[in-house]
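User: I'm new to this one and would like to start small. Could you pick a single part, look at it closely, and then show me how the surroundings fit in?

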Amino acid sequence: MHRCRERAATFREMFHFRNPAQPYCVSIPAWATVASSVNTHIFRPCVLVFKIVPALLLFSFNHPARAQDASNQPTRWETRAQQKTELNQGITWLTHEPLDFLLRRGDHFDDEPDSYQKMCTPENLKRMADAGIRYGRIYFYKGFGKEYEKANMEQAKTTAAIMHGLGMKVDLYVGGTMFTETLYHELPEAKNWEQRDQHNQWVPYGSQTFRHYACPNEPAYRDYLKTILKYAVEEVHADQISFDNIMLQPEPESCRCPRCLAAFHDFLRQRYPTPESVRRRFGLPDVDWIVPTEWDSPTQPDGIGALNEPVLQEWVRFRCESLGHYANDLYDYVKSLNPNVSVLYNIKGVYSYNRYWANAVYHPLYANRIDVMSFDTGGYDARIDAHTGALVSQIRSYKVARRLKASCEAPLQDDLLCALDMAFDYETPVTGSPGVPFTTHVSTPMLEFYREYLDRYFRGTESVADVAVLHTWPSMAYSINDTYVPTTLMEQVLIQHKVPFDILFDEDMEQISRYQEIILPGQECVGDAQVQQLLKFVRAGGTLLLTGNTAQYNQWRERRRVNPLLPARTEGKGRIVYLPEIIRADSPAGKAAAVEENAEPGATAQRITRMSPAQWLLPKNHEAIDQAVVAGLPQGLSLEMDAPLTTVMDLLTRPASRETIVHLVNFDRHNPLAPVSVTVRKEFSGPVKSVSCLSPDRNQTLPLEFKEEADHVTFTIPATKIYAMAVIAQ
Ligand SMILES: [Zn+2]
């Protein structure tokens, strides 16, 4: 697996570093016809583009197969990408990692010190600006200690001033671990900020045992970070601050320091304030008697399939809230200094395994207190999986990010990844954010298209969804793997059958009336209060679609004698529909053949039982599931199109311009998409003024003929390579 030399946007540290025989990652422009097996590993920006690009450019721009229209001329996107790529030559790209870190960790290039010398010079920064680069993430504070990194922080101030003078936005990187050798040297009391496991042992960052995690409940550590953030905002004038390593380690490496134990007891006392409620929940008279689970071996947690024990259930929530409050506190602090500074957290997206349990990341706790979230994962690159045929994407993560009002920082140099970002990303209005297409220095025709239309079509959008998939907290938190299978596969059906949907959590229950249908795929635990809310939704005319063992348990995973959501029935104006099973289509071999997959690169042991993305094959009964979903919509689908299952779509409105936008992404890299007939419900009042198609396949906006009928409009999107959007103006 060859790997890029890391120089820019994404966070990933090179744990599975390049093969020494392949010293340079070939960052092939995505338009140069790259096999998908190569594409899955070129998702990070490379510094060495200039070494190989000229030859490829000749190939890509003169190759007849790449001709964009009858005149055989390159598109203006191709021309611009070529020009920018030429301007990029010779630039030494900025990095978020300080040199000392690379040297301390090892596994780097022999010329790193030279690169660092060149990187921040006014000449190099000027060349970047001249090449159209509008943003850079620079190293600022990695965790070595404020004194130790003083020179870095001052360098950041100088660099930022030059970048601002050149019209570039500055992103400052803040690491999330404590480097014991230096920090404890200059500040011995920092040792008291460490996480401590049940054996009073510190918790390291993977195999880098010289990096320890700080306790999320330690206020002194936050206060220390705040002095650094104050410098970042007030002295360096950061546009964005990027916090890395926002996660906790899986059991048994979770903090049980005296602070955390006291905070846990306070947490329990708030949730169970009376002796009766404590006894009903735990069978004990007083929350102070409660001891968090103590493991008898490092591997004991791996044997658990479901969390039935109440203290362990509460512990999962407590860990998530501890981390969430830590991040919220830093967010509020940065915003109190300057609300225009964008805050990025590397919390990653939602995948088909239990990250509440594994890493204490529960996304709703970050709602409205995160401006950008980073994907920074391995194995989730958009593709039709070469081994299994599964359609793999981060679409779920994008949908959750939109609910949080966060942009997603994803690697965009691959055309398919870029197309997905255009289709699904929410662009934060926070002025410090550079806009996702500007977070990479790479230039591809698709990125040039994205950059040109960012403000016009990709900002200020809202999702249109007919159905919502509800992830209930106890179902997803107290099941290690089982509930993730039907949930993931139901969402896979909605994605590939192009049903407009959102993902909701318990925190969103008051919004369920916005949807025609709520789907609970194998949501085994549905709380008593939640049952009542769902029944109220049904009585008002909504459809509830349940599968498998939904609602067999209550909010504490206590098995019910009677399932209140069954049998399937009409109730009031609505109905409850029941599908007994979502039938998996993947074979056990799918797991074995899975490509490298690591949602927490370098930071976490990969022990947890999980469904891998290569296993996201459409279930055997996907057509019946799709039909049941659609039949349950009292007003029908907002959008219908006759595209194959390897095509995905997103449906958005842009209220400021009274436009409805359909994004189309073709996952089949080898075959362009044939013209697609689309019928869309009108989202605004009044007649349709125009329907137009935009795509990096052509230079100009293409007006489309359309037919208006009652509240629908029908048109045809012409043949598309990877990405197109149709804009309906009213
Ligand atoms: Zn602690």
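Analyst: Let's start with one helix, move to the sheet beside it, and then visit a second sheet and a few loops.

Before that, some ground rules. This is a predicted model, in which local features need pLDDT of at least 70 and side-chain atom pairs count only at pLDDT 80 or more, while totals for chains, interfaces and linings use all residues. Residues are numbered from 1 along each chain as its sequence is written.

The part to look at is helix 9, residues 219–235. Helices (H or I, at least four residues) and strands (E, at least two) are DSSP runs, numbered from the N terminus. Helix 9 has 17 residues and spans 24 Å from first to last C-alpha, close to the 24 Å expected at 1.5 Å a residue; that expected span is 1.5 Å times one less than the number of residues. After the helix comes His237, with a positive phi near 60 degrees.

Which residues of helix 9 are buried? They are Tyr224, Leu225, Leu229, Tyr231, Ala232 and Val233. Buried here is 20 or more other C-beta atoms within 10 Å of a residue's own, exposed is 12 or fewer, and partly exposed is in between, with C-beta atoms placed from the backbone. These buried residues pack against strand 1 (135–141), strand 2 (169–174) and strand 6 (240–243), as well as helix 7 (150–165) and helix 12 (310–337). Contact, by the way, is C-beta atoms, placed from the backbone, within 7 Å.

Helix 12 deserves a closer look. Its axis and that of helix 9 come within 10 Å and cross at roughly 35 degrees. (Axes are lines fitted to C-alpha atoms, for helices over the stretch in contact, and angles run from 0 to 180 degrees between N-to-C directions.) The crossing of helix 9 and helix 12 is right-handed, meaning the near helix is turned clockwise from the far one by less than a right angle. Helix 9 brings Arg222, Leu225, Lys226, Leu229, Lys230, Val233 and Glu234 to the contact, and helix 12 brings Tyr326, Asp329, Leu330, Tyr333, Val334 and Leu337. By class, that contact has eight nonpolar, five charged and no polar residues. Ala, Val, Leu, Ile, Met, Phe, Trp, Tyr, Cys and Pro count as nonpolar, Asp, Glu, Lys and Arg as charged, and the others, Gly among them, as polar.

Now for the strands. Strand 1, strand 2 and strand 6 belong to an open, parallel sheet of six strands, in the order 1-2-6-7-8-11. Strand 1 and strand 11 (407–409) are the edges, each pairing on one side only. On average, neighbouring strands of this sheet are turned by 25 degrees against each other, direction ignored. Six bridges pair strand 1 with strand 2 in the parallel sense, and Arg137 stands opposite Asp171 of strand 2. Two strands pair if DSSP finds at least two bridges between them.

Another open sheet of six strands is antiparallel, in the order 12-20-21-27-23-24. Its edges are strand 12 (462–463) and strand 24 (702–704). Strand 21 (659–666) and strand 27 (723–729) run antiparallel, joined by seven bridges; one partnership there is Val662 with Ala726. Two helices lie across strands of this sheet. Helix 15 (415–424) crosses strand 20 (647–654), strand 21 and strand 27, running at about 160 degrees to strand 21. Helix 16 (445–458) lies across strand 20, strand 21, strand 23 (690–694) and strand 27, at about 20 degrees to strand 27.

Last, some loops. Back by strand 6, the loop between that strand and helix 10 (258–271) holds Pro252, and the peptide bond from Glu251 to Pro252 is cis, with omega near 5 degrees. Leu566 and Pro567 are also joined by a cis peptide bond, with omega about 0 degrees. Pro567 sits in the loop between strand 16 (543–547) and strand 17 (569–571). Asn368 is not a glycine, yet its phi is positive, near 60 degrees. Asn368 is found in the loop between helix 13 (355–359) and strand 8 (372–374), and it counts as exposed because 10 other C-beta atoms lie within 10 Å.
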